[in-house]
Amino acid sequence: LLKTYDELGIFDVSVELIVESVLYDGIDSASHEGFKELHHKPYSKFTGTFSCSYLYQSPSLDKNLYIWLNDETPVQAFSCSCDFTQKAMLKEDNGTIADCTASDAYSAYVRVVNQSIYCNHCEVEDYIIIRSSSFNTNDSGTQNSHNCVVLSLLTNTGEPGTKSGLNWGQRNKRNKNEAYIPLPSKVARSGFFPLEKQHFLAVTDDYHTLQLRVEQQNDKAITTPASNALLGEYFRNRLGLPNGAYVHACDLQAYGRTDVAFYKIDEEQYYMDFSPKIKGLNDV
């Protein structure tokens, strides 16, 4: 949402989210780590921050409340059965939405604030159940064409692109860490990844979380939309290269892998495997 505001030139918007469903069901560790990664960090120099809290004490609200504030003054509010997710928001039938009194809705929000805890609080696990998000790629059916795609980090020359892919930023006046994962048009059209600038969360084999998006002309690239450099930093760290270094095929081969695999967990969550296939120099 903040990225969309940024691209539309709508500035100085902050989001404060209280997640209610964790009260009884807990939260999976992948989503939890994703919220922590975004918490209190400005999405860009133009937007405000995002904060996330978990409701840990009853009573909860009957419906979701969406409240707009101008500074600290509530100006408009909606009661809605729709969850604050892309999947729920973008579907045609997204539940019931009704206007409600902004001041009353904000009062309800303030009451709930006192029953919530920030997602990055040092004692959050004493209040909320954090469920494991472990993903076994050997589970039955996970490696078929519907649940897994393998994307090469090399071009047909046998090398990464000189000014594309992992070396996207290797141009004048660009952050040399900028990178993207090349996405073949056949895979982009297959429906495996969400398109139209929808974000998705990738849990990596080394227990990181990445917010990703398919973009560029003909949906040819998987990027980290908050900053194109985040993906390049991640891969260079895995390869044992310094920030901004040019990536050669020999770097990938020494590490033990020249491609990356994505396993689809659901419409908004994926498992990204970049573990070495062979014992490389980095393992010595």
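Which residues form one aromatic cluster with Phe192? Select Phe192, Phe193, Phe200, Phe262 and Tyr270 in your viewer, and you have the whole set. Before going further, keep in mind that you're looking at a predicted model.

**Stop 1: around the aromatic cluster**

Keep Phe192 on screen and add Lys264. This lysine lies over the face of the Phe192 ring, 5.9 Å from the ring centre.

Aromatic pairs turn up elsewhere too: the count for the structure comes to 16. For one of them, select Phe235 and Phe274, whose rings sit edge-to-face, with 4.9 Å from centre to centre and 80 degrees between the planes. Phe235 belongs to helix 7 and Phe274 to the segment after strand 15, so this pair ties together parts that are 39 residues apart in sequence. Switch on a surface and look for the two rings: Phe235 is buried at 1% relative accessibility, and Phe274 is buried as well, at 0%.

**Stop 2: the salt bridges**

Now colour the charged side chains. How many salt bridges does the structure hold? There are eleven, and a few are worth a visit.

Start with Arg174 and Glu178. Their closest N and O atoms are 2.6 Å apart. The two ends sit in unlike surroundings: Arg174 is partly exposed, at 32% relative accessibility, whereas Glu178 is buried, at 11%.

Next, stay with helix 7 (residues 228–239) and select Arg238, which meets Asp205 in a salt bridge at 2.9 Å, N to O. Asp205 is in the loop between strand 11 (199–204) and strand 12 (209–215), so to speak across the chain from its partner: the pair links distant parts, 33 residues apart. Is each partner buried or exposed? Arg238 is buried at 13% relative accessibility, and Asp205 is buried at 16%.

Then move to Lys277 and Asp259, with closest N and O atoms 2.9 Å apart. Here the link runs between the segment after strand 15 (269–273), where you'll find Lys277, and strand 14 (residues 259–264), which holds Asp259; 18 residues separate the two. Lys277 is exposed, at 53% relative accessibility, while Asp259 is buried, at 12%.

To finish this stop, select Glu7, Lys197, Arg213 and Glu215 together. Salt bridges that share partners join these four into one network.

**Stop 3: helix 3 and what it packs against**

Show helix 3 (residues 29–38) as a cartoon with side chains. Which of its residues are buried? Look for Ala30, Ser31, His32 and Gly34. The buried residues of this helix pack against a list of strands: strand 2 (27–28), strand 3 (50–55), strand 8 (130–131), strand 11, strand 12 and strand 15. Try colouring those strands one by one.

Step just past the end of helix 3 and click on His40. This residue takes a positive phi of about 60 degrees.

**Stop 4: the second largest pocket**

Helix 3 also leads you to a pocket. The second largest pocket has a volume of about 530 Å³. To centre your view, select Glu37, Lys41, Thr209, Leu210 and Leu230, which are the closest to the pocket's centre among the 22 residues that line it.

Which element gives the largest share of the lining? Helix 3 does, with five residues. Strand 12 and helix 7 are also on the list of elements that each supply at least two lining residues, so colour helix 3, strand 12 and helix 7 separately to trace the wall.

**Stop 5: two backbone oddities**

Last, two loop residues with a positive phi. Go to Glu196, in the loop between helix 6 (185–188) and strand 11. Its phi is about 55 degrees, although Glu196 is not a glycine. With the surface on, this one should be easy to pick out: Glu196 is exposed, with a relative accessible area of 71%.

The other is Asp219, in the loop between strand 12 and strand 13 (221–223). Asp219 has a positive phi of about 50 degrees, and again the residue is not a glycine. On the surface view, Asp219 comes out as partly exposed, with a relative accessible area of 24%.

Terms used: Residues are numbered from 1 along each chain as its sequence is written. This is a predicted model: local features need pLDDT of at least 70, side-chain atom pairs count only at pLDDT 80 or more; totals for chains, interfaces and linings use all residues. Side-chain values use heavy atoms; hydrogens and water are left out. Buried means under 20% relative accessible area, exposed over 50%, partly exposed in between (1.4 Å probe, protein chains only). Helices (H or I, at least four residues) and strands (E, at least two) are DSSP runs, numbered from the N terminus. Rings of Phe, Tyr and Trp (its six-membered ring) pair if their centres lie within 6.5 Å; planes under 30 degrees apart count as stacked, over 60 as edge-to-face and the rest as tilted. A charge sits over a ring if NZ of Lys or CZ of Arg is within 6 Å of the ring centre and within 35 degrees of the ring normal. Contact means heavy atoms within 4.5 Å. On a 1 Å grid over the protein atoms alone, a cavity is a set of points where a 1.4 Å probe fits but cannot get out, and a pocket is an open set with protein on both sides within 12 Å along at least five of seven lines; lining residues have an atom within 4 Å of a point. Grid points are joined across faces, edges and corners, and a volume is the space filled by probe spheres set on the points.
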